[in-house]
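Biologist: Before we discuss any detail, could you put the model on the screen so that we can go through it together?

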Amino acid sequence: MKTSLLTVARLSTLALLLLGSPHFSVAAHTPNPVRQETQTYIQQQVLPVVRQQRLKLDAQLSAADRAQVAECRAQLSSLQKQQREFRRSLQPAGAPKGQRPELTEAQRQQARDLREARQKVEREVKQLAKKYEPQIQALAAEVQPQREKWTTDLQAIRQKYTQPDASQPLDSKPQKQRLSKPDAQFTGTRFLLFDPAASARSSASAVLSAPGRMSVYPNPIEPRSQVQYDVPKSGSVLIELLDSRGTTLRTLLQAEQEKGSHTFDLPTQDLSRGTYYLKITTRTGTETQRFVKN
């Protein structure tokens, strides 16, 4: 497991950690359903647990190490901002998007300086993370069941959007969706740099703006289970029942509804045992909720 976590860590970005923000590379200009649902899931299910465990680690850090982490976090955040502004300054006005400009020697040196400064701070954090590796591994082990559930749930979200399109040739392959790896939050440097205070503010904001805030109770379901959901903005609401592969079985609700909390009985008498999903679509986006029938 340790090897796989280190592999994932190489693919991660430091932006999420420095800002404590639950943004998982969701491009605002290109709506992507799987990314939107993944982001919502991580905001609501993953980050609160990571923040809880990171607060436990904070209590175990020495005062000097805690100050060092805060300083490194601030330095990396500043360097990231400088790199972003530097890249923006290289793009001439009116130039085609994606076109790489020819750099001057001074610009190449500036890019090297920024990269080396970032790498120096990252090495410092890595050394500090090794010091607390046993504590981080213990905290990760405490939530092993949740981490396994995250992987299962996110795989289910991805599978919903990788079903073959009937309009495509039979020999064509469905487009693969990139899946966020929340387990990477427990790698040494990422976990150490995670700012629990900033994450708490960001997560709270994210939850308030979540598309539908749906829950099923009890779950696993009983004959009289209920669905509770919030409508952030008045308007059309669509709730669909999906099977474990993400195929729509039927529409449970399609109506205009006022902003606020709503409840309805979940009809499950004709469902066989297995895993299912409820998908709610409102004016603010889409959310899914997993439930099980035993």
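Modeller: Here it is, and please keep in mind that this is a predicted model. We can begin with a single bridge, in which V231 stands opposite G260 of β5.

Biologist: Over how many bridges do β2 and β5 pair, and in which sense?

Modeller: The facing residues V231 and G260, the latter in β5, give one point of reference for this pairing. Taken as a whole, β2 and β5 are joined over 6 bridges, and the sense of the pairing is antiparallel.

Biologist: Which side chains of β2 point to the buried face?

Modeller: The side chains alternate along β2, so that Q226, Q228 and D230 point to one face and are not buried. Residue Q226 also has Y217 opposite, and the strand to which β2 is joined there, β1 (residues 215-217), runs antiparallel to β2 with 3 bridges between them. The other face of β2 is the buried one, and the side chains that point to it are V227, Y229 and V231.

Biologist: Why is the ring pair of Y229 and F264 called edge-to-face?

Modeller: The structure holds 3 aromatic pairs. For Y229 and F264 the ring centres are 6.1 Å apart, and because a plane angle over 60 degrees counts as edge-to-face, the angle between their planes settles the matter at 65°.

Biologist: Which parts of the chain does this pair tie together, and how many residues apart are they?

Modeller: Both Y229 and F264 are buried. Since Y229 belongs to strand β2 (residues 226-231) and F264 to strand β5 (residues 260-265), the pair ties together parts whose separation in sequence is 35 residues.

Biologist: Is the pair of Y276 and F291 stacked or edge-to-face?

Modeller: Y276 stands opposite F291 in β7, and both residues are buried. Their rings lie 5.7 Å apart from centre to centre, with 20° between the planes, and an angle under 30 degrees is what the term asks for. The pair of Y276 and F291 is therefore classed as stacked.

Biologist: Over how many bridges do the strands β6 and β7 pair?

Modeller: The aromatic pair already links them, because Y276 lies in strand β6 and F291 in strand β7, parts that are 15 residues apart in sequence. Strand β6 (residues 274-282) runs antiparallel to β7, and the number of bridges in their pairing is 9.

Biologist: Which strands stand at the edges of the open sheet?

Modeller: This open sheet has 4 strands with antiparallel pairing, in the order β4-β3-β6-β7. An edge strand has a single partner, so one side of it is left without a neighbour in the sheet, and the strands in that position are β4 (248-257) and β7 (285-293). Ignoring direction, neighbouring strands of this sheet are turned against each other, on average, by 15°.

Biologist: Which residue in the turn between β3 and β4 has a positive phi?

Modeller: The two strands pair in the antiparallel sense over 8 bridges, and within that pairing I239 has L253 in β4 as its bridge partner. They form a hairpin with 5 residues between them, and the residue in the turn with a positive phi, of about 90°, is G246.

Biologist: At about what angle does α3 run to β7?

Modeller: Two helices can be described here, of which α7 packs on the sheet, touching β3 (235-242), β6 and β7, with its direction at about 120° to that of β7. Helix α3 lies across β6 and β7, and the angle at which it runs to β7 is about 65°.

Biologist: Which helices do the buried residues of α6 pack against?

Modeller: In helix α6 (residues 133-142), the residues I136, L139 and A140 are buried. They cover an arc of only 100° around the axis, which puts them on the same side of α6, while the face turned away from that buried side carries the exposed residues P134 and A141. The helices against which the buried residues pack are α3 (33-60), α5 (105-131), α7 (144-160) and α8 (188-193).

Biologist: How far apart are the C-alpha atoms of Y161 and P33?

Modeller: Y161 is found in the loop between α7 and α8, and its relative accessibility of 22% makes it partly exposed. Although Y161 and P33 are 128 residues apart along the chain, the separation of their C-alpha atoms is 8.0 Å.

Technical notes. Residues are numbered from 1 along each chain as its sequence is written. This is a predicted model: local features need pLDDT of at least 70, side-chain atom pairs count only at pLDDT 80 or more; totals for chains, interfaces and linings use all residues. Side-chain values use heavy atoms; hydrogens and water are left out. Buried means under 20% relative accessible area, exposed over 50%, partly exposed in between (1.4 Å probe, protein chains only). The arc is that of the directions from the helix axis to the C-beta atoms. Contact means heavy atoms within 4.5 Å. Two strands pair if DSSP finds at least two bridges between them. Axes are lines fitted to C-alpha atoms, for helices over the stretch in contact, and angles run from 0 to 180 degrees between N-to-C directions. Rings of Phe, Tyr and Trp (its six-membered ring) pair if their centres lie within 6.5 Å; planes under 30 degrees apart count as stacked, over 60 as edge-to-face and the rest as tilted.
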